[in-house]
Amino acid sequence: FFFFDSLQDQFDNLEKHTQWGIDVLEKYIKFVKERTEIELSYAKQLRNLSKKYQPKKNSKEEEEYRYTSTRAFLATLNEMNDYAGQHEVISENMTSLITAELTRYVQELKQERKSHFHDGRKAQQHIETCWKQLEASKRRFERDCKEADRAQQYFEKMDADINVTKADVEKARQQAQLRHQMAEDSKAEYSSTLQKFNSEQHEHYYTHIPNIFQKIQEMEERRIVRIGESMKTFAEVDRQVIPIIGKCLDEITKAAESVDHKNDSQMVIEAFKSGFEPPGDIDFEDFTQPMKRTVSESSLSNSRGDGKSEPKFGSKSKGKLWPFIKKNKLMSLLTSPHQPPPPPPASASPSAVPNGPQSPKQQKEPLSHRFNEFMTSKPKIHCFRSLKRGGAGPEDFSNLPPEQRRKKLQQKVDELNRDIQKEMDQRDALTKMKDVYIKNPQMGDAASVDHRLAELGQNIEKLRLEVQKFEGWLAEVEGRLPARTEQPRRQSGVYETQNPSGVNSCAQDRESPDGSYTEEQSQETEMKVPATDFDDEFDDEEPLPTIGTCKALYTFEGQNEGTISVAEGEMLYVIEEDKGDGWTRIRRNEDEEGYVPTSYVEVYLDKNAKGA
């Protein structure tokens with residue numbers, strides 16, 4: 001019986017040990033599960049980080065990714081996104097190959113362990129029952145033997161007593177025989193039970209219990225092997241993504257090695273170069289000589305000759321003007337009249353009109369003073385950042401430097417061509433649909449798409465006209481086409497013959513960088529300007545924008561050069577208001593513009609245009 005207690009203790013110990021093994025397995029499952037959560041969280045954070053620094057679409061940041069350094073950074077962000085994907089792969093593989101498999105295996109292990117210990121307890125209960133049966137049979141045999149012995153003693157006593165009747169002696173003898181028979185039966189039963197128990201006991205300790213222990217041992221060994229394989233899988237899952245992670249890092253290194261500082265610098269130069277040429281040298285003004293000044297070649301145009309400072313405009317080198325001086329306003333100096341405007345017909349003299357023009361000022365001022373005014377006064381457009389901060393610029397981008405203007409015009413042409421292609425695609429699709437409707441009237445009315453086709457045709461025609469307009473401007477910038485040169489040439493030539501000192505006076509009297517005009521005329525007539533060479537500087541000028549309208553109060557003949565004739569009641573466009581000299585510049589159409597006396601017209605300025 002003590003052995004049975006010891007066996008029970010072993011079963012308890014094995015039960016505790018196998019339960020501890022299952023707890024270890026569940027702890028490892030929990031560890032792997034938390035590792036997968038960390039991998040997912042890390043991958044999510046990497047993806048969010050990559051997304052955070054990605055350039056926003058249709059923004060300024062997207063333009064900045066033209067440079068090799070920023071493209072390398074963008075490649076790094078993309079590779080980090082792929083890098084995060086590998087950590088997601090780690091999480092997925094660990095979940096499917098370790099966590100899910102081990103969780104299913106733990107359930108199976110618990111069922112198997114329960115079955116084995118149930119069989120063990122059942123076998124132990126069976127042997128204990130056999131032992132109890134043997135003990136009961138043994139006690140019964142012992143009791144029957146004692147009863148038979150007492151019955152024998154009582155018979156012998158009765159048989160020896162002479163006072164006892166024969167019948168009593170016979171009764172005692174029969175009782176003694178019965179007891180002996182019962183003892184023999186008990187002995188036979190005990191012997192049979194003992195043999196059976198010994199057989200069961202041998203089967204129990206040499207067959208059932210070893211088999212159960214063997215199964216428990218195999219179960220425990222499988223658990224140990226399984227957790228070891230899971231640990232190996234844990235490492236293999238990481239090892240499988242190492243080549244891809246290494247490739248991501250290689251791509252980041254390759255992107256970093258592709259950074260080209262020379263290329264980036266050249267792109268900055270191409271992006272911001274203006275196309276202006278630097279001004280030429282300023283001629284020395286010798287004040288020890290008689291007061292006889294000449295206009296240096298660099299005052300109006302930027303000559304890049306052989307270094308000789310000849311004060312005339314006949315040089316063939318066509319330099320650009322100062323960056324922020326509007327050439328079209330300089331051009332206006334060649335056509336504006338140089339005498340006071342006539343008074344209105346109703347007045348006897350200009351002073352009779354309340355707002356009549358004053359005579360132009362006739363101050364003499366050296367060119368060096370005017371040059372200092374150019375350099376010190378604040379220009380209208382002092383930096384290109386102001387264009388971005390302000391409102392929209394002119395349609396032809398004439399406010400930009402030549403190179404920037406060329407790029408903007410090219411972008412506009414490309415954009416319009418794309419729009420034309422879209423409209424043409426829609427037109428082709430509708431045309432096919434109309435053909436289908438014509439062939440199969442039951443599918444739709446063919447006339448229903450005619451209106452839309454007409455709209456598309458009109459849109460395409462408008463876009464083509466826009467393309468032609470911008471291509472014309474682009475050709476002007478690139479020097480492929482002449483730009484409205486006939487009338488400026490004609491006006492300049494006539495003006496030169498009538499007033500040979502006009503060019504000299506316009507060079508120093510007309511324009512300051514802030515856009516104001518004066519009628520200061522100079523008496524220096526030293527410089528003669530060939531009309532054709534001077535006009536080449538202004539061949540590609542655009543007309544001045546309209547700043548308002550005006551109504552002619554009186555008829556003006558406009559006989560002087562630079563003026564324009566108007567009829568009473570005629571409506572015209574104002575392109576330059578009176579600057580104090582009594583003249584207003586107006587335009588009838590693209591080819592007809594000039595000056596009229598301010599007192600002859602009633603001006604209606606456009607506040608928005610003037611403010612711009």
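A salt bridge here is a side-chain nitrogen of Lys or Arg within 4 Å of a carboxyl oxygen of Asp or Glu. The structure is a predicted model, and 23 salt bridges are found in it.

**Salt bridges**

Glu 220 and Arg 223 form one of these pairs, with an N to O distance of 2.4 Å. The two residues are three positions apart in helix 4, which spans residues 166-257, and this spacing is about one turn of the helix. Glu 220 is buried, because its relative accessibility of 9% falls under the 20% limit. Arg 223 is buried as well, at 4% relative accessibility.

A second pair joins Glu 142 to Lys 146, whose closest N and O atoms are 3.6 Å apart. Both residues belong to helix 3 (residues 68-160); they are four residues apart, so about one helical turn separates them. Glu 142 is partly exposed at 41% relative accessibility, and Lys 146 is partly exposed at 46%.

A third pair is Arg 585 with Glu 576, where the closest N and O atoms are 3.8 Å apart. Arg 585 and Glu 576 are both buried. These two residues also take part in a network of salt bridges that links Glu 576, Arg 585, Arg 587 and Glu 593.

The three pairs are listed below.

| Salt bridge | N to O distance |
|---|---|
| Glu 220 and Arg 223 | 2.4 Å |
| Glu 142 and Lys 146 | 3.6 Å |
| Arg 585 and Glu 576 | 3.8 Å |

**Nonpolar core and surface patch**

The largest nonpolar core has 28 residues, and the members that touch the most others are Leu 25, Tyr 28, Met 94 and Ile 98. Helix 1, helix 3 and helix 4 each supply at least two residues of this core. The greatest contribution comes from helix 3, with eleven residues.

Nonpolar side chains also occur on the surface. Leu 49, Tyr 53 and Phe 73 form a patch there, with a combined accessible area of about 280 Å². Leu 49 is located in helix 1, which covers residues 2-52. Its relative accessible area is 43%, so Leu 49 counts as partly exposed and passes the cut-off of over 30% that patch residues must meet.

**Cysteines and Trp 131**

How many disulfides does a search of the whole structure find? The result is zero. Among the cysteines, Cys 130 is buried, with a relative accessible area of 7%, whereas Cys 145 is partly exposed at 31%.

Trp 131 is part of helix 3. Its relative accessible area is 25%, so Trp 131 is classed as partly exposed; the buried class ends at 20%. Trp 131 and Asn 198 are separated by 67 residues in sequence, while their C-alpha atoms are 9.2 Å apart in space.

**Annotated region**

An unreviewed UniProt entry assigns the feature "coiled-coil region" to residues 155-186. In the predicted model, the chain over residues 155-186 is 84% helix and 0% strand. The C-alpha atoms at the two ends of this stretch are 21 Å apart.

Note on methods
Residues numbered from 1 in each chain as written. Predicted model: local features only at pLDDT ≥ 70, side-chain atom pairs only at ≥ 80, totals over all residues. Heavy atoms only, no water. Buried < 20%, exposed > 50% of the residue type's maximum accessible area, 1.4 Å probe, protein only. Patch = residues over 30% accessible without salt bridge, like charges linked within 9 Å, V, L, I, M, F, W, Y side chains within 5 Å. Areas by Shrake-Rupley, 256 points an atom, 1.4 Å probe, with all protein chains shown as cover. Disulfide = S-S within 2.5 Å. UniProt positions renumbered as here; feature names shortened; annotations may be inferred. Core = buried A, V, L, I, M, F, W, Y, C linked by side-chain atoms within 4.5 Å.
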